[in-house]
Amino acid sequence: MTYTHESKRPTSAQREAQKAFREADAKVAMSEYERAQKAFHANRERLKAERLAREAAAIGEVAHKRKS
């Protein structure tokens, strides 16, 4: 049995289509990544503000107790 394998090279149109799909997929992936990063940073800033408010309230209570 003779095995003959011919590699099929993509045509220029197929290469252009593959390139366009890769670029589109890359844009989608980057936009998802950027969206996740923005959500992460927004959540971190919100939590930081809540923590600072709690700490300020705790310091205020300690100062109030010392005066009394």
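How far apart are the mean positions of the positive and negative charges of the protein? The charges number 16 positive and 10 negative, and their mean positions are 5 Å apart. Keep in mind as you read that this is a predicted model.

## Overall shape

Let us start with the whole chain. The protein has one helix and zero strands. That element, helix 1, covers residues 12-67. Along the principal axes, the C-alpha atoms fill a box of roughly 100 × 30 × 5 Å.

How does the radius of gyration of the protein compare with that of a compact globule of 68 residues? The protein has 29 Å, whereas such a globule would have a value near 11 Å.

## Surface

What share of the 68 residues counts as buried? The answer is 0%. The accessible surface comes to about 6,900 Å², and carbon and sulfur atoms account for 58% of that area.

## Salt bridges

Here is a general idea to carry into this section: side chains of opposite charge can pair when their charged atoms come close. A search of the whole structure finds three salt bridges, and each is described below.

Take Arg-46 and Glu-50 to begin with. Their closest N and O atoms are 3.0 Å apart, and the two residues form a salt bridge. Both belong to helix 1, where four residues, or about one turn of the helix, separate them. Arg-46 counts as partly exposed because its relative accessibility is 42%, between the 20% limit for buried and the 50% limit for exposed. Glu-50 is also partly exposed, with a relative accessible area of 36%.

Next come Arg-51 and Glu-55, another salt bridge, with 3.3 Å between the closest N and O atoms. This pair lies in helix 1 as well, with the partners four residues apart, about one turn of the helix. Arg-51 has 35% relative accessibility and so counts as partly exposed. Glu-55, at 40%, is partly exposed too.

The remaining pair joins Glu-45 to Arg-44. In this salt bridge the closest N and O atoms are 3.9 Å apart, which is accepted because the cut-off is within 4 Å. Is Glu-45 buried, exposed or partly exposed? Glu-45 counts as partly exposed, at 42% relative accessibility. For Arg-44 the relative accessible area is 42%, so Arg-44 is partly exposed.

## Two places along the chain

Two more residues of helix 1 help to give a feeling for distances in the model. One of them is Lys-67, whose place is in helix 1. Lys-67 counts as exposed because its relative accessibility is 77%, over the 50% limit. Between Lys-67 and Phe-40 there are 41 Å from C-alpha to C-alpha, and the two residues are 27 residues apart along the chain.

The other is Ala-17, which also lies in helix 1. Its relative accessible area is 32%, so Ala-17 is partly exposed. How far is Ala-17 from Thr-4 in space, C-alpha to C-alpha? The separation is 28 Å, for two residues that are 13 residues apart in sequence.

Key: Residues numbered from 1 in each chain as written. Predicted model: local features only at pLDDT ≥ 70, side-chain atom pairs only at ≥ 80, totals over all residues. Heavy atoms only, no water. Salt bridge = Lys/Arg side-chain N within 4 Å of Asp/Glu carboxyl O. Buried < 20%, exposed > 50% of the residue type's maximum accessible area, 1.4 Å probe, protein only. Helix = DSSP H or I, 4+ residues; strand = E, 2+ residues; numbered from the N terminus. Rg over C-alpha atoms; globule rule 2.2 N^0.38 Å. Areas by Shrake-Rupley, 256 points an atom, 1.4 Å probe, with all protein chains shown as cover. Lys, Arg positive; Asp, Glu negative; His and termini not counted. Charge placed at Lys NZ, Arg CZ, Asp CG, Glu CD.
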